[in-house]
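Hello,

Here is the structure I promised to pass on to you. Have a look at it first, and then read on for my notes on its aromatic side chains.

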Amino acid sequence: MSEQFERLQKVIAQSGVTSRRKAEVLITEGKVTVNGEVVKTLGTKVKPTDKIEVEGIPLENPDKLYILFHKPAKVITSVSDDKGRTVVTDFFPQLQERIFPVGRLDYETSGLLLLTNDGEFANHMTHPRYKVKKKYVAKLKGYLLREQVRQLEQGIMLEDGKTAPAVVKVKSQDREKNTTLVEITISEGRNRQVRRMFAHFGHEVVKLSRIEYGNLTLKSLNAGDARELSPHEVKTLRQMAQFKG
């Protein structure tokens, strides 16, 4: 049986060292060696028996971890913070493996966040070409009007382009407090996208939480809690993240 060859940047990403895009940068900068030889050509294929080093450190293939985490508000979606604030990986001091967040939830946003050491999986979950649905519940200042719901469901123009159609459901409106509670499902992952979509109509988001990610929910998880995904859940997510061309 012939050995299976894979692209070098894919192998690096799968090892959990970094993303595929960052791996490509490291390769072109001459910071990757294969069997002791510097490789700068993207697309170079390697076999499982090849000795790969990234910035002088041998590549390892740790067991893959896929973690569902209920991120509290006021926690940074990162592995470190130069201001000393709490980051999501602070909740996993017992793990020996290096894990990193899949995508982002901003500082004030709580809810469902994935963490992994599988760079290829993270790329499939976050790349713009892949469509994984994410549901949020938002508390807004002011009333969200029917016409505004209609526009959100058709797509609105933001500074970085038109949004894909969203699914919007108004849950309740409080006349005394002048607030709206709304669920919104999107298939994109732009920076602070949900907040910007509502700001487009002059509505400030005073509370925001992501409650679903693909086939996953926060069922039985309190803020700060986490669990590993089952193999079936990981497989289903991969199937959802299909290339859309």
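How many aromatic pairs does the structure hold? There are three. Please keep in mind that this is a predicted model.

Let me start with Tyr66 and Phe121. Their rings meet edge-to-face, with 4.9 Å from centre to centre and 75° between the planes. Tyr66 belongs to strand β7 (residues 66-71) and Phe121 to helix α3 (residues 119-126), so this pair ties together parts that are 55 residues apart in sequence. How accessible are the two partners? Tyr66 is buried, with a relative accessible area of 12%, and Phe121 is buried as well, at 1%.

Strand β7 also supplies a ring to another pair, that of Phe69. Phe69 and Phe91 are tilted against each other, at 5.0 Å centre to centre and with 50° between the planes. Phe91 sits in the loop between β7 and β8 (100-102), so here the parts tied together are 22 residues apart in sequence. Is Phe69 buried or exposed? Phe69 is buried, because its relative accessibility is 0%, whereas Phe91 is partly exposed at 31%. These two rings do not stand alone: Phe69, Phe91 and Phe92 make up one aromatic cluster.

Finally, a word on charges over rings. Arg85 lies over the face of Tyr107, 5.6 Å from the ring centre. Lys134 is placed over the face of Tyr213, also at 5.6 Å from the ring centre.

Enjoy exploring it!

Best wishes

How values were computed:
Residues numbered from 1 in each chain as written. Predicted model: local features only at pLDDT ≥ 70, side-chain atom pairs only at ≥ 80, totals over all residues. Heavy atoms only, no water. Phe/Tyr/Trp six-rings, centres within 6.5 Å; stacked < 30°, edge-to-face > 60°. Helix = DSSP H or I, 4+ residues; strand = E, 2+ residues; numbered from the N terminus. Buried < 20%, exposed > 50% of the residue type's maximum accessible area, 1.4 Å probe, protein only. Lys NZ or Arg CZ within 6 Å of the ring centre and 35° of its normal.
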